[in-house]
Amino acid sequence: MSLWQTVLSVAGVFVGIVALYAALNESEAVRLQTAAAVWPFVQLSILDFQTEDGAGFTLTLENSGVGPARLRAMRVVIDGQPRSTWRDAVTALVGGEPPLFAQNFASNRVLSPGERIDIFSTSDPQLVAMLRERVSMADNSIAYCYCSIFDDCWVADSRGIGQEPEPVAACPDYGEARFRN
């Protein structure tokens, strides 16, 4: 081989390596851009009021992101104990037969961008007063896990108000502590 053939061969290999590096960088950028275009962001909010004329307490999940959110798992803890249904949770709060309340399922559901669901609501004044008092106590919480269409998943906990949901490799299996609404 002549010197020119060697130089051209090395230059060709160098150009090939640079092109491969650029292609890999571009594909990663496209993957990240696509994931951001379908990023869900599910928020738990509480709407409550108590007046002389009435009372109300509503727990809502809303997808404020730009992509659909698959709600995979939920855990509701009252007085440090996991509860499996809203009836069980309300019974634990009132210590007896629960008053009227409305419920909606959240686990294994898809929330479209901008969609919101009221997962629990009541207008019973005594229950509203109990919920308002106990909602911020450390041993009462709601945790939920949701995923994007690319199986990027996040766990949010009501005790982390104002905090970003935590990215996780997969939604936790809460086992017996799983909320079965």
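**Two disulfides and an aspartate**

Okay, let's start with a twist: the link between Cys147 and Cys153 is right-handed, at 100° about the S-S bond. That's a disulfide (a pair of cysteine sulfur atoms within 2.5 Å), and here the S to S distance is 2.1 Å. Both Cys147 and Cys153 are buried, where buried means under 20% relative accessible area, exposed over 50% and partly exposed in between, with a 1.4 Å probe and protein chains only.

Quick caveat: this is a predicted model, where local features need pLDDT of at least 70 and side-chain atom pairs count only at pLDDT 80 or more, while totals for chains, interfaces and linings use all residues. Residues are numbered from 1 along each chain as its sequence is written, and side-chain values use heavy atoms, leaving out hydrogens and water.

So how many disulfides does a search of the whole structure find? Two. The other pair is Cys145 and Cys171, with sulfur atoms 2.0 Å apart. This pair links distant parts of the chain, 26 residues apart: Cys145 sits in strand 8 (residues 141-147), and Cys171 in the segment after strand 10 (166-168). Strands here are DSSP runs (E, at least two residues), numbered from the N terminus. The Cys145 and Cys171 link is left-handed, with -80° about the S-S bond. Number the bonded cysteines in sequence order, and the pairing reads 1-4, 2-3.

Now over to Asp79, in the loop between strand 3 (69-78) and strand 4 (81-83). Buried or exposed? Asp79 is partly exposed, because its relative accessible area is 32%.

Note on methods. Helix = DSSP H or I, 4+ residues; strand = E, 2+ residues; numbered from the N terminus.
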